[in-house]
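Hi,

Here is the structure I promised to pass along. Have a look at it first, and my notes follow underneath.

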Amino acid sequence: MPQLDTSTWFITVLSTTITLFILMQLKISLHNFPQTPSVKSIKLMKTDNPWESKWTKIYSPLSLPLQ
C-alpha cells in the first residue's frame with residue numbers, strides 16, 4: 001500500500017489560512033459601521049398640569065399622628 005505524500009500539506013494549509021484571513025479582512029473592511037454616537041441635547045418640555053397650580057398635600061398613613 002503506497003504511503004500518503006504529505007510534503008505539500010504545509011504550503012496548502014498556510015495558503016488556505018492566509019487566503020481566509022485576507023477574505024475576512026476584506027469583508028470586515030467593506031462593512032459600514034455606525035458613526036460614533038453624538039450627544040443630543042434633550043430639552044425638557046414643561047407642561048402645565050391643572051393640579052400644579054393648586055396647593056395640595058398628600059398625607060401618607062405613616063405620617064399621620066398616632067391616635
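**What I found**

The protein's secondary structure is easy to list: 1 helix and 0 strands. Keep in mind that this is a predicted model.

On burial, there is little to report: of the 67 residues in the protein, 0% are buried. About 7900 Å² of surface is exposed, and 67% of that comes from carbon and sulfur atoms.

The UniProt record, an unreviewed entry, annotates residues 6-24 as a "transmembrane region". In the model, that stretch is 84% helix and 0% strand, and the C-alpha atoms at its ends lie 28 Å apart.

There is also a nonpolar patch on the surface, made up of Phe10, Ile11, Leu14, Ile18, Leu20, Phe21, Ile22, Leu23 and Leu26. Together these residues have about 920 Å² of accessible area. Leu26, one of the patch residues, sits in helix H1, which runs over residues 9-29. Its class is partly exposed, because the relative accessibility of Leu26 is 46%, and that class lies between the 20% and 50% cut-offs.

Now for the segment before H1, where you will find Ser7. Is Ser7 buried or exposed? Ser7 is exposed, because its relative accessible area is 56% and the exposed class starts over 50%. What does the side chain of Ser7 make a polar contact with? The partner is the side chain of Asp5, at 3.0 Å.

Shout if you want to go through any of this together.

Cheers

Key. Residues numbered from 1 in each chain as written. Predicted model: local features only at pLDDT ≥ 70, side-chain atom pairs only at ≥ 80, totals over all residues. Heavy atoms only, no water. Helix = DSSP H or I, 4+ residues; strand = E, 2+ residues; numbered from the N terminus. Buried < 20%, exposed > 50% of the residue type's maximum accessible area, 1.4 Å probe, protein only. Areas by Shrake-Rupley, 256 points an atom, 1.4 Å probe, with all protein chains shown as cover. UniProt positions renumbered as here; feature names shortened; annotations may be inferred. Patch = residues over 30% accessible without salt bridge, like charges linked within 9 Å, V, L, I, M, F, W, Y side chains within 5 Å. Salt bridge = Lys/Arg side-chain N within 4 Å of Asp/Glu carboxyl O. Polar contact = N/O pair within 3.5 Å; in protein donor to acceptor, adjacent residues only side chain to side chain.
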